[in-house]
Amino acid sequence: MPKNSEESGFRLLHFAKSFFQLTIFFPEKRAGICDITLADLQPAERHQVVSWEQRNSCMLPDDLKRFYLTSDGLLLTWSVRFDDQLQSVGRMEINKISNVTKLAGNKAPSNANTPSLADVDYASDEEQCDEDTDVPAKPHFDTRSRIFELDPCRGIAKVCLVYRNTRPGSPAQHPEVWLLDRALRWHFLAHTFSQYFRMMLMHLGLPQWQLAYTDVGLSPQAKQWFNLYSPLRIRLDSETSLAEEEPEKDDSWQAAKGAPKSDSTEVNKLDFGRVFKGKSDKKSKSSQNKKKHGPVGKPLSGGTNNRSGSQLGGGRLR
């Protein structure tokens, strides 16, 4: 690679570190943040990028290719100081071009007794895409998709570069970024690498930030880190996830789909007269009987009998 390209890549890395320090983290304003470290990674050689494309029969997108020609991967970490002890919190990582390894997309083994990822894949060839959202159909573990690891996510999941609708013998193009959790379920993250990179910057590399876009959600410990250093981000992510999970409860969404609006007043209306009708009737009848006949087994007020009443009255007059 020419010398001027290496110098420009070197300057870009140091500019990125300064940008993280001064613009995103505000170490002088964010309590405890320290030890912001950006790994000094050299640019990848052009022949390495071309060799990867030829070996995997996949065309890297232009934004990811320019990234690798500027820096062979990314590793930025930051820590928090608690009681004179450093605890690693933030981590932004993109694998080197040599570590973007293939996870799935190979042919099934000839031996039927050997398990593979294709065994857990769904057998339908139809693209099951949600027409109401912008989420594409899920990838496959067989030859219909080619999947490469982009970020190990500290072992909780894997951020993958996914080429869908691939055909044997033809180079794959236009990859997307997906998250593969430990239950081998797919969660869509971004249409392009640039979008995913911006998402990573906005979440400051906080622990488990990718899980905010899944139904798994953040762990209580991860939520504490978000509340400390990115409270607005976790609120926006939660609102987005709720809007995607329950669109049928939004009247504007129903009106856009042509469905009639639900009358919430009728659904939540409760007739207390009908619910407590039996109890109220019994109480009213018993009270009427008491007023008409008096208490059962007890004399009327004014004494036990007339004689005692007159004696008491005479005594009072005296």
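**Exercise 1. State which elements cover the buried residues of helix α3, and identify those residues.**

Solution. The covering elements of the buried residues of α3 include α2, β2, β3, β5 (145-151), β6 (157-164) and α4. The structure examined here is a predicted model. Within α3, the buried residues are Asp-63, Leu-64, Phe-67, Tyr-68 and Leu-69. The cut-off applied is a relative accessible area under 20%. For the chain as a whole, buried residues account for 34% of the 318 residues.

**Exercise 2. Describe how helix α2 packs against helix α3.**

Solution. Two packed helices are described by the angle between their axes and the distance between the axes.

Step 1. The axes of α2 (residues 46-56) and α3 (residues 62-70) come within 9 Å, and they cross at roughly 140 degrees.

Step 2. Because of this angle, α2 is oblique to α3. The limit that matters is 145 degrees, over which a pair counts as roughly antiparallel.

Step 3. The crossing of the two helices is right-handed. On the side of α2, the contact is made by Arg-46, Val-49 and Glu-53, and on the side of α3 by Lys-65, Tyr-68 and Leu-69.

Step 4. Sorted by class, this contact between α2 and α3 has 3 nonpolar and 3 charged residues, with no polar residue. Tyr-68 and Leu-69 are also among the buried residues of α3.

**Exercise 3. Determine the strand order of the sheet that contains β1, β2 and β3, and locate its edges.**

Solution. Step 1. The sheet is open and has 3 strands in the order β1-β2-β3, with antiparallel pairing. Its edge strands are β1 (33-38) and β3 (85-94), each of which pairs on one side only. From one strand to the next, the twist averages 20 degrees.

Step 2. Strand β2 (residues 74-82) is joined to β3 by 9 bridges, and the two run antiparallel. Two facing pairs can be located: Thr-77 stands opposite Arg-91 of β3, and Phe-82 stands opposite Gln-85 of β3.

Step 3. The hairpin of β2 and β3 has 2 residues between its strands, and Asp-83 in this hairpin takes a positive phi near 50 degrees.

**Exercise 4. State which strands helices α4 and α5 lie across, and give the angle reported for each helix.**

Solution. Step 1. Helix α4 (residues 193-202) lies across β2 and β3, and runs at about 170 degrees to β3. Helix α4 is also among the elements that cover the buried residues of α3.

Step 2. Helix α5 (residues 220-229) lies across β1, β2 and β3, and runs at about 85 degrees to β2.

**Exercise 5. Asp-35 and His-174 both have a positive phi; describe the setting of each residue.**

Solution. Step 1. Asp-35 is found in strand β1. Its phi is near 55 degrees, a positive value in a residue other than glycine. Asp-35 counts as partly exposed because its relative accessibility is 42%.

Step 2. His-174 lies in the loop between β6 and β7 (176-181). Although His-174 is not a glycine, its phi is positive, at about 55 degrees. His-174 has a relative accessibility of 68% and therefore counts as exposed.

Step 3. Tyr-163 is 11 residues from His-174 along the chain, and the C-alpha atoms of the two are separated by 6.7 Å.

**Exercise 6. Give the number of helices and strands in the chain, and the share of contacts that join residues at least 24 apart.**

Solution. The chain has 11 helices and 8 strands. Among contacts between residues at least 6 apart in sequence, 56% join residues at least 24 apart.

Note on methods
Residues are numbered from 1 along each chain as its sequence is written. This is a predicted model: local features need pLDDT of at least 70, side-chain atom pairs count only at pLDDT 80 or more; totals for chains, interfaces and linings use all residues. Side-chain values use heavy atoms; hydrogens and water are left out. Two strands pair if DSSP finds at least two bridges between them. Helices (H or I, at least four residues) and strands (E, at least two) are DSSP runs, numbered from the N terminus. Axes are lines fitted to C-alpha atoms, for helices over the stretch in contact, and angles run from 0 to 180 degrees between N-to-C directions. Contact means heavy atoms within 4.5 Å. Angles under 35 degrees count as roughly parallel, over 145 as roughly antiparallel, 65 to 115 as roughly perpendicular and the rest as oblique. A crossing is left-handed if the near helix is turned anticlockwise from the far one by less than a right angle, and right-handed if clockwise. Ala, Val, Leu, Ile, Met, Phe, Trp, Tyr, Cys and Pro count as nonpolar, Asp, Glu, Lys and Arg as charged, and the others, Gly among them, as polar. Buried means under 20% relative accessible area, exposed over 50%, partly exposed in between (1.4 Å probe, protein chains only).
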